[in-house]
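Visitor: I would like to learn how to read a few features of a protein model. Could we take them one at a time?

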Amino acid sequence: MVFCGGCRLSVLLLLSWSSSCILMAAAGADYAKYKNPKQPLNRRIGDLLARMALAEKIGQMSQIERENATAGVVREYFIGSVLSGGGSVPSTNATPEAWVGMVNEMQRGALSTRLGIPMLYGIDAVHGHGNAYRATIFPHNVGLGCTRDQELAKKIGAATALEVRATGIPYVFAPCVAVCRDPRWGRCYESFSEDPKVVQLMASVISGLQGEIPAGGRRGAPFVAAGGKRNVAACSKHYVGDGGTDGGANEGDTAATFHELLSVHMPPYYTAVAQGVSTVMVSFSGWNGAKMHANRFLITDFLKTTLRFRGFVISDWGGIERITTPKGADYMLSVKLSIMAGIDMIMIPYTYTEFIDDLSTLVKNGTIPMSRIDDAVRRILRVKFTMGLFENPYADNSLAGELGKQEHRDLAREAVRKSLVLLKNGKPGEKPLLPLPKNAGTILVAGSHAHNLGYQCGGWTITWQGVGGNNLTTGTTILDGIKRAVGHGTDVVYSENPDAGFMRQNEARFDYAVVVVGEPPYAESFGDNHNLTIPAPGPSVIRDVCGSVRCAVVLVSGRPLVVEPYMGAMDALVAAWLPGTEGQGVSDVLFGDYGFTGKLARTWFRSVEQLPMNVGDARYDPLFPFGFGLQTRAYGR
């Protein structure tokens, strides 16, 4: 053998070069385009989707309740989303820091998985961050619709986004863009109006929540402002026709032609999609006997194809179980029908293991094609990438000061002022009672709702159904506002339920009275009501007080109620709806610091026998028509 030193050197160099190439190739194989924010969006989505196993894909399609969502569960099942239901909190009166810590612990579980896909946390925020202690609670939509002020709605959306972000949460199940056509429905207060045009106008809240979509943005694509740290992904709900059910029954059936559905209930979704709404939630209700959670035509063919919606479609709470009668009778069938209808993420608060097992079986046996799974996951990932969740998966405490900050409370107070509707001001032949004089001897404030923060706020406040009393959160009652508004020499007497005997003994004592009555809090089916009368003892308080002294009645309710029998006794009537935590907004207008400007966004019926009755109906004989609202001038303005 002949030894050549130069040849040996060449061989060593060749081996070294080959090893380098192998290492570079290995490194290239591990390079994940989806982790690079400089890569185009669709390339990131495609790269990540190609790496995912079936279990990881189905995990992304699963949204489970906070109670079940330990870091271990999120990691083991590759859970894509977690939610807080109404009243589901880390602890009683939890601080923003406690919320952030809880969300981040779950996020650590998600990021510790093989691909590290961040978890998306969602929560209801239908009139501010209602689950959070000390949050600003804005008027419910039924009141905001009376403002017709889309800029105000946008500001409320932006303030709500900041308060939700203060607790580490990047996704809200809001706004409700239902067109409530029957006030007997227990969710009517979540609707801006019976008129789809008003609902479309007030859907500007989406731009406040998510940020303003740039001119020339791709139609139908989800949008959350760059960085996403001060905005949240929004969810338009409940698709579609939830406000048109027979008799106003929650989760009922909407009987309508396709044309009627398009002209009344669909327009707000045109607006939502145009504003880049990130998600759409499907309604519990049905359309002409077919449950929406199984309606492929309206979800896939119309929303996704015709409207070109590119965000993801989410079910309502346990919504797929309601496809069958009785509920949950054939869960695998419900899974099949809902996924094939086009629902991408399933809100399965508690039965997530059963859902994951059944969906896995349906894909493996070919009942549900992988293309349908990939479409769902692609849409979910598009939202997560768009909102910057991959770059900023963890929440921090830097926004803690945004929760309930004075600037937001001032905005809520403004919203209260603008939402009030003056329905009567003075008896025939007499001077108007409003605005009330601040300087008086003694005034009476009466009624169950005068000094009850929980009643002011209504449902979806601290708990799902809402609670009465003044210990639930921070705010100002209507009585508090009255006491702050009157002159120093004016004595304010409060009696929750003054009877006729009390009034006979004291009627000469009072210059005038403010009576505040209305509905107790409720949510969803618990609010379905077929008589719509003012709950006792409201009527007797109105009769006893207004029969003895000049009085202004303030009605706190989530919808019009039967008031015609008491109109003759009242000197003034104000519809205050559900004003939220800033009750001083009511006294601002009662005492003339600001004028009444609100206009009815709902028809005020005479009797429930007239229902449903909406503006434009052939038979239209309301007590107060749609758009009605007396105006007053502010003192000195």
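Guide: What follows goes through disulfides, free cysteines, helices and a buried lysine in this predicted model.

Visitor: How many disulfides are there, and which cysteines do they join?

Guide: A disulfide is a covalent bond between the sulfur atoms of two cysteines. Here the count comes to two disulfides. One joins Cys180 to Cys188, with an S to S distance of 2.1 Å. Another joins Cys546 to Cys551, with S to S at 1.9 Å. With the bonded cysteines numbered in sequence order, the pairing reads 1-2, 3-4.

Visitor: What about Cys176, which is in no disulfide?

Guide: For Cys176, the nearest cysteine sulfur belongs to Cys180 and is 9.1 Å away. Cys176 counts as buried, at 3% relative accessibility. Cys146 can be read in a similar way: its sulfur is 11 Å from the closest cysteine sulfur, in Cys188, which is too far for a bond. The cut-off for a disulfide is 2.5 Å between the sulfur atoms. Cys146 is buried too, with a relative accessible area of 2%.

Visitor: Which hand does the disulfide of Cys180 and Cys188 have?

Guide: The torsion about the S-S bond of Cys180 and Cys188 is about -105°, so this disulfide is left-handed. For Cys546 and Cys551 the torsion about the S-S bond is about 105°, so that disulfide is right-handed.

Visitor: Are Cys180 and Cys188 buried or exposed?

Guide: Cys180 is buried, with a relative accessible area of 0%, and Cys188 counts as buried at 1%. Both Cys546 and Cys551 are buried as well.

Visitor: Next, packed helices. At what angle do α10 and α11 pack?

Guide: Two packed helices are described by the angle between their axes and the distance between the axes. Helix α10 covers residues 258-265 and helix α11 covers residues 267-274; they pack at about 55°, with their axes 5 Å apart. That angle makes α10 oblique to α11. On the α10 side the contact has Leu262, Ser263, Val264 and His265, which meet Pro267, Pro268, Tyr269 and Tyr270 in α11. The residues of this contact divide into six nonpolar, two polar and no charged.

Visitor: What span should helix α16 have, and which of its residues are buried?

Guide: An α-helix has 3.6 residues a turn, so residues three or four places apart point the same way. Helix α16, residues 406-419, has 14 residues that should span 20 Å at 1.5 Å a residue, and its end C-alpha atoms are 20 Å apart, which agrees. Its buried residues are His408, Arg409, Leu411, Ala412, Ala415, Val416, Arg417 and Ser419. Among the elements that the buried residues of α16 pack against are α7, β12 and α21.

Visitor: And how many residues has helix α5?

Guide: Helix α5, residues 96-111, has 16 residues and reaches 22 Å from first C-alpha to last, close to the 22 Å expected. Its buried residues include Trp99, Met102, Met106 and Gln107. What covers the buried residues of α5 includes α4, β2 and β3.

Visitor: Last, a single residue: where is Lys384, and what is it in contact with?

Guide: Lys384 lies in helix α15, residues 370-386. At 0% relative accessibility, Lys384 counts as buried. Leaving aside neighbours within four places in sequence, Lys384 is in contact with residues including Gln60, Gly80, Ile117, Met119 and Phe390. Lys384 and Ile117 are 267 residues apart along the chain, and their C-alpha atoms are separated by 9.1 Å.

Conventions: Residues numbered from 1 in each chain as written. Predicted model: local features only at pLDDT ≥ 70, side-chain atom pairs only at ≥ 80, totals over all residues. Heavy atoms only, no water. Axes fitted to C-alpha atoms, helices over the stretch in contact; angles between N-to-C directions. Helix = DSSP H or I, 4+ residues; strand = E, 2+ residues; numbered from the N terminus. Parallel < 35°, antiparallel > 145°, perpendicular 65-115°, else oblique. Contact = heavy atoms within 4.5 Å. Nonpolar A, V, L, I, M, F, W, Y, C, P; charged D, E, K, R; others polar. Expected span 1.5 Å × (residues − 1). Buried < 20%, exposed > 50% of the residue type's maximum accessible area, 1.4 Å probe, protein only.
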